Amino acid sequence: MNQTTSSMRVVIRADASLQIGTGHVMRCLTLAAGLADLGAQVDFICRAHQGNLIGLVEQRGFSVITLPFASGGDKASLDQPTHAHWLGCDWQTDAQQSYDAIYGTVDWIIVDHYALDQRWERMMREKCKRIMCIDDLADRPHDCDLLLDQNLGRCSQDYATLVPEHAKL
């Protein structure tokens with residue numbers, strides 16, 4: 001992220017729920033706070049799952065675009081991420097709702113969600129200059145410019161076939 005941070009617009013797509021847990025939103029809140037301290041405008045897109053942390057994100061001073069609660073999700077299939085059912089809807093619906101929620105073009109979309117992959121990220125390309133993925137499973141392809149896996153012991157080779165050549169790991 002080498003642009004002047006004080007002029008940067010960032011949208012973070014992350015969810016918390018009773019099933020998902022809180023880790024994705026909590027680590028994104030830490031990142032958002034650091035970016036905001038440097039002057040970036042950071043907004044979240046979160047789905048209103050039972051057990052969400054939307055109130056906490058707002059308490060921390062960030063705007064949240066709330067996607068409606070959805071009771072279903074993608075059924076397990078060969079072309080879906082293992083955790084697709086955590087999304088609460090199919091990836092196309094989530095992508096369209098997220099796309100429609102973003103006003104104009106942002107500098108970065110940061111996505112931290114086990115149910116989202118390169119298909120969702122490709123759909124977001126028109127809405128952003130760059131995409132960052134936070135992933136610690138190395139189990140699905142991403143269309144990103146930057147990928148962060150904070151786990152100890154993970155190596156770049158784990159993502160070699162899962163990200164574009166230009167992606168920084």
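**Reading burial, charge and cysteines in a predicted model**

Guide: Of the 169 residues of the protein chain, 47% count as buried. The model is a predicted one.

Visitor: Which secondary structure elements does the protein chain contain, and how do they run from the N terminus on?

Guide: There are 4 helices and 6 strands, in the order β-α-β-α-β-α-β-α-β-β. With a radius of gyration of 15 Å, close to the 15 Å of the globule rule for 169 residues, the chain is as compact as a globular protein of that length. The C-alpha trace spans about 45 × 35 × 30 Å along its principal axes.

Visitor: How should one read the charge of E121, and where is the nearest side chain of opposite charge?

Guide: A salt bridge requires a side-chain nitrogen of Lys or Arg within 4 Å of a carboxyl oxygen. E121, in helix α4 (residues 118-124), is buried and has no salt bridge, since R140, the nearest side chain of opposite charge, is 6.2 Å away. A polar atom of the E121 side chain does lie 2.6 Å from the backbone nitrogen of D143. Beyond four places in sequence, E121 touches V111, L116, I131, C133, P141, H142 and D143.

Visitor: How many disulfides does a search of the whole structure find?

Guide: A disulfide is a covalent bond between the sulfur atoms of two cysteines. Here the search finds 0.

Visitor: Why does C28 form no such bond?

Guide: The closest cysteine sulfur, in C46, is 8.6 Å from that of C28, which is too far for a bond. C89 is likewise in no disulfide, the nearest cysteine sulfur, that of C46, being 14 Å away.

Visitor: Are C28 and C89 buried or exposed?

Guide: C28 counts as buried because its relative accessibility is 0%; C89, at 9%, also counts as buried.

Conventions: Residues numbered from 1 in each chain as written. Predicted model: local features only at pLDDT ≥ 70, side-chain atom pairs only at ≥ 80, totals over all residues. Heavy atoms only, no water. Helix = DSSP H or I, 4+ residues; strand = E, 2+ residues; numbered from the N terminus. Buried < 20%, exposed > 50% of the residue type's maximum accessible area, 1.4 Å probe, protein only. Lys, Arg positive; Asp, Glu negative; His and termini not counted. Polar contact = N/O pair within 3.5 Å; in protein donor to acceptor, adjacent residues only side chain to side chain. Contact = heavy atoms within 4.5 Å. Disulfide = S-S within 2.5 Å. Rg over C-alpha atoms; globule rule 2.2 N^0.38 Å.
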